Amino acid sequence: MERSQEVDTTGCAQEPIRIPGRASQLSMWIHGRGDNYTLEVWLKDWRGNTHVLQMGALKFVGWKPVTVNIPPYIPQAVDTYPQTKTLVLERFVLRADTREEAKRVFFAFDQLKALSETFEVNFDGQELDSV
């Protein structure tokens, strides 16, 4: 899932990122600066529901991998073919602890990866689902 993407003035990607297959885990490297923040990832399922997952505390200095398991209750498949319905990564959200001093902070992210199963049963006419 290597892809560079332009961001707007708010720091948000102009397009959400589609995660291929049935994802079970997201991971990435983040550079922390010792600030008392937590990181959330917002995923949208095929029904349009947004799920907020906690990636953890960022109170460390330097580069560190952070990982979140995608729970099985987030729908990524249906009982008809094609079964796989992809998740969409909408955004990352940094939340400050209420005791943290109000200031401008910077974090660096790198190597966003998704662990997913991409097997799908192929059949004639499978592309009709996207019409």
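The following exercises, each with a worked solution, concern a predicted model.

**Exercise 1. The open sheet**

Determine the order in which β5, β2 and β7 are arranged in their sheet, and state which strands stand at the edges.

Solution.
Step 1. The sheet is open and consists of three strands in the order β5-β2-β7, with antiparallel pairing.
Step 2. Strands β5 (61-69) and β7 each have a single partner strand, so they stand at the edges and one side of each is left without a neighbour in the sheet.
Step 3. On average, neighbouring strands of this sheet are turned by 15° against each other, direction ignored.
Step 4. The pairing of β2 (residues 22-33) with β5 is antiparallel and runs over nine bridges. Within β5, Trp63 is the bridge partner of His31.

**Exercise 2. A backbone angle in β7**

Locate Gln111 and decide whether this residue is buried, partly exposed or exposed.

Solution.
Step 1. Gln111 belongs to strand β7, which covers residues 108-117.
Step 2. The phi angle of Gln111 is near 50°, a positive value in a residue other than glycine.
Step 3. The relative accessible area of Gln111 is 42%. Buried requires under 20% and exposed requires over 50%, so Gln111 is partly exposed.

**Exercise 3. The surroundings of Arg18**

Describe the position of Arg18 and identify the side chain with which its own side chain makes a polar contact.

Solution.
Step 1. Arg18 is found in strand β1 (residues 17-19).
Step 2. With a relative accessible area of 55%, Arg18 is exposed, because the cut-off for that class is over 50%.
Step 3. The side chain of Arg18 makes a polar contact with that of Thr86, at 3.3 Å.
Step 4. Lys44 is 26 residues from Arg18 in sequence, and the C-alpha to C-alpha separation of the two is 9.5 Å.

**Exercise 4. Salt bridges between separate parts of the chain**

State how many salt bridges the structure holds. Then place the partners of the pairs Glu117 and Arg22, Asp35 and Lys103, and Glu40 and Arg95, and classify each partner by accessibility.

Solution.
Step 1. The structure holds six salt bridges.
Step 2. One of them joins the side chains of Glu117 and Arg22 at 3.9 Å, N to O. This pair links distant parts of the chain, since Glu117 is in strand β7 and Arg22 in strand β2, 95 residues apart. Glu117 is partly exposed at 45% relative accessibility, and Arg22 is partly exposed at 22%.
Step 3. Asp35 and Lys103 also form a salt bridge through their side chains, at 2.9 Å, N to O. Asp35 lies in the loop between β2 and β3 (37-44), and Lys103 in the loop between β6 (87-96) and β7, so the pair ties together parts 68 residues apart in sequence. Asp35 counts as buried at 7% relative accessibility, whereas Lys103 is partly exposed at 40%.
Step 4. The side chains of Glu40 and Arg95 meet in a salt bridge of 2.9 Å, N to O. Glu40 lies in strand β3 and Arg95 in strand β6, so this pair ties together parts 55 residues apart in sequence. Glu40 is buried, with a relative accessible area of 6%, while Arg95 is partly exposed at 40%.
Step 5. Through salt bridges that share partners, Asp35, Glu100 and Lys103 are joined into one network.

Conventions: Residues are numbered from 1 along each chain as its sequence is written. This is a predicted model: local features need pLDDT of at least 70, side-chain atom pairs count only at pLDDT 80 or more; totals for chains, interfaces and linings use all residues. Side-chain values use heavy atoms; hydrogens and water are left out. Helices (H or I, at least four residues) and strands (E, at least two) are DSSP runs, numbered from the N terminus. Buried means under 20% relative accessible area, exposed over 50%, partly exposed in between (1.4 Å probe, protein chains only). Two strands pair if DSSP finds at least two bridges between them. Axes are lines fitted to C-alpha atoms, for helices over the stretch in contact, and angles run from 0 to 180 degrees between N-to-C directions. A polar contact is a pair of N or O atoms within 3.5 Å; within protein, one must be able to donate a hydrogen and the other to accept it, and residues adjacent in sequence count only if both atoms are side-chain atoms. A salt bridge is a side-chain nitrogen of Lys or Arg within 4 Å of a carboxyl oxygen of Asp or Glu.
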